[in-house]
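Here is a short report on one protein model. Please look at the sequence and the structure first.

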Amino acid sequence: MPNIRTPKTPTVPWTVTAPTASSIPKRSSIPAAGQGAFAKRHIPAGTLLGIYQGDSLTEADAKAKYPKGDAFYLLSLPNSDALIDAADPDRSNWLRYLNH
């Protein structure tokens, strides 16, 4: 399955695409939470922050790649069997650091 990309959003390192690259990623103060992106100001609900980029995988590909279920950067697409794997920082962007 090919990578899912749009013509206007080529893959570039997250340090180039991040709004303030020096502040992303940042370690969470929550124990064992890892790194994430943190808003410096209020972001209204529904705001488009960018397009999540990475390698396109099927569910079978993801299970083979992550047999222990330790995939931290997988995004499932609604109404699709495709998953976007942003684990490789050279093939993804800063949105990989967003979580809930």
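## The aromatic pair

How many aromatic pairs does this predicted model hold? The count comes to one aromatic pair. Its members are Y73 and Y97, and their arrangement is edge-to-face. The rings sit 6.3 Å apart, centre to centre, with 80 degrees between the planes. Planes over 60 degrees apart count as edge-to-face, so the angle of 80 degrees between Y73 and Y97 earns that label.

Where do the two partners come from in the chain? Y73 belongs to the loop between α2 (59-65) and β4 (74-76). Y97 belongs to the segment after β5 (83-85). The pair therefore ties together parts that are 24 residues apart in sequence.

## Around the two rings

Is Y97 buried or exposed? Y97 has a relative accessible area of 6%. Buried means under 20%, so Y97 is buried.

Y73 has a further neighbour in R96. R96 lies over the face of the Y73 ring, at 4.0 Å from the ring centre.

## Overall layout

The protein has two helices and five strands. Along the sequence, these elements follow the pattern α-β-β-β-α-β-β.

The protein has 100 residues, and 25% of them are buried. Now take the contacts with a separation of 6 or more. Residues 24 or more positions apart account for 60% of these contacts.

## The surface

The protein exposes about 7,100 Å². Carbon and sulfur atoms supply 57% of that area.

Which residues make the nonpolar surface patch of about 220 Å²? They are I43, L49 and L98. L49 is found in the loop between β2 (35-36) and β3 (55-57). L49 has a relative accessible area of 38%. This value lies between the 20% limit for buried and the 50% limit for exposed, so L49 counts as partly exposed. Patch residues need over 30% relative accessible area, and the 38% of L49 passes that cut-off.

## A positive phi in a loop

N79 is not a glycine, yet N79 has a positive phi of about 60 degrees. The residue lies in the loop between β4 and β5.

Is N79 buried or exposed? The relative accessibility of N79 is 86%. Exposed means over 50%, so N79 counts as exposed.

Technical notes
Residues numbered from 1 in each chain as written. Predicted model: local features only at pLDDT ≥ 70, side-chain atom pairs only at ≥ 80, totals over all residues. Heavy atoms only, no water. Patch = residues over 30% accessible without salt bridge, like charges linked within 9 Å, V, L, I, M, F, W, Y side chains within 5 Å. Areas by Shrake-Rupley, 256 points an atom, 1.4 Å probe, with all protein chains shown as cover. Salt bridge = Lys/Arg side-chain N within 4 Å of Asp/Glu carboxyl O. Helix = DSSP H or I, 4+ residues; strand = E, 2+ residues; numbered from the N terminus. Buried < 20%, exposed > 50% of the residue type's maximum accessible area, 1.4 Å probe, protein only. Phe/Tyr/Trp six-rings, centres within 6.5 Å; stacked < 30°, edge-to-face > 60°. Lys NZ or Arg CZ within 6 Å of the ring centre and 35° of its normal. Contact = heavy atoms within 4.5 Å.
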